[in-house]
Amino acid sequence: MRYGDNSMGDRQLLQWGDLLTNAGAGKVGMFIGAPDTTQAIVSQFQGKFEDWAMGPLPGQDGPAKGTLGGGEGYFFKKGLSSEQVKAGLKWIAYQKLTPGKGQFDYARAKPQNYPVGLPQPLLFANGTEAQKQELELRKANANVDTANFAVFEANPVPIKGEPRNAQAIYAVLDAAMSGVLTNPTANIDALLKTAEDKVNQLLAAEG
């Protein structure tokens with residue numbers, strides 16, 4: 001793709017914002033990202049929902065064995081009372097973890113033309129009542145074509161938590177990837193071996 005049919009183009013080492021800008025302009029055919037990237041393409045970069053669909057992350061011999069997952073961090077101001085902290089935790093649970101409320105209040109979002117029907121983060125365990133309730137509410141109020149995301153949702157890839165030194169590992173892997181994408185004669189096996197050795201050192205140091 002990079003040097004054979006040039007389907008990746010000759011501009012490499014772009015940033016995430018560059019990807020979304022080009023995606024919104026219709027210059028990207030496929031990329032790997034989380035479900036919320038589709039919303040960013042539309043709301044921030046003037047793209048269209050109908051131009052995009054989602055599928056599960058592919059692996060070497062079928063579906064991927066796993067994908068890295070992240071999360072959100074919440075901070076409370078130093079000096080708050082225990083009652084204030086408890087109130088903050090209750091608000092987070094209401095806003096972020098309650099089907100039909102907060103971010104999952106689809107009945108309220110739909111008439112405001114806020115997109116409803118996009119895949120959501122895997123916050124609820126498969127088969128739980130909360131998961132079923134969120135899905136039913138989402139389907140009942142959908143205002144985007146959910147068929148475009150059905151394959152993705154029907155084939156969930158297990159999420160693996162990032163190691164504590166994830167950024168250092170990414171930096172190592174980025175060097176290998178950059179070498180391949182910018183040098184047509186790059187020794188891929190050597191780059192991968194060097195990256196593996198460095199990552200193993202980082203993991204060993206983590207204990």
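**Salt bridges in the predicted model**

Lysine 96 and glutamate 72 make a good place to start: their side chains come together in a salt bridge, with 3.8 Å from N to O. Lysine 96 belongs to helix α3 (residues 82-97), while glutamate 72 sits in the loop between β3 (67-69) and α3, so this pair ties together parts that are 24 residues apart in sequence. As for the surroundings, lysine 96 is partly exposed at 25% relative accessibility, and glutamate 72 is exposed, its relative accessible area being 54%. It should be said early on that the structure is a predicted model. A search through the whole of this model turns up four salt bridges, and the pair just described is one of the salt bridges formed between side chains.

Next comes arginine 138, which pairs up with glutamate 153 in a salt bridge whose closest N and O atoms are 2.9 Å apart. Here two helices are involved: arginine 138 is part of α5 (residues 129-140) and glutamate 153 is part of α6 (residues 150-154), so the contact ties together parts that are 15 residues apart in sequence. Arginine 138 is buried, with just 5% relative accessible area; the cut-off for that label is under 20%. Glutamate 153, on the other hand, is partly exposed at 35% relative accessibility.

A further salt bridge links the side chains of lysine 193 and aspartate 197, again given as N to O, at 2.9 Å. Both residues are in helix α8 (residues 188-206), and because they are four residues apart there, about one helical turn separates them. Lysine 193 is partly exposed, with a relative accessible area of 44%. Aspartate 197 is partly exposed too, at 32% relative accessibility. Turning back to arginine 138, there is a bit of a network to report: Glu134, Arg138 and Glu153 are joined into one by salt bridges that share partners.

Away from the salt bridges, methionine 177 gives a sense of distance across the model. This residue is found in helix α7 (residues 166-182) and counts as partly exposed, with 44% relative accessibility. Between the C-alpha atoms of methionine 177 and glutamine 131 there are 37 Å, with the two residues lying 46 residues apart along the chain.

Key: Residues numbered from 1 in each chain as written. Predicted model: local features only at pLDDT ≥ 70, side-chain atom pairs only at ≥ 80, totals over all residues. Heavy atoms only, no water. Buried < 20%, exposed > 50% of the residue type's maximum accessible area, 1.4 Å probe, protein only.
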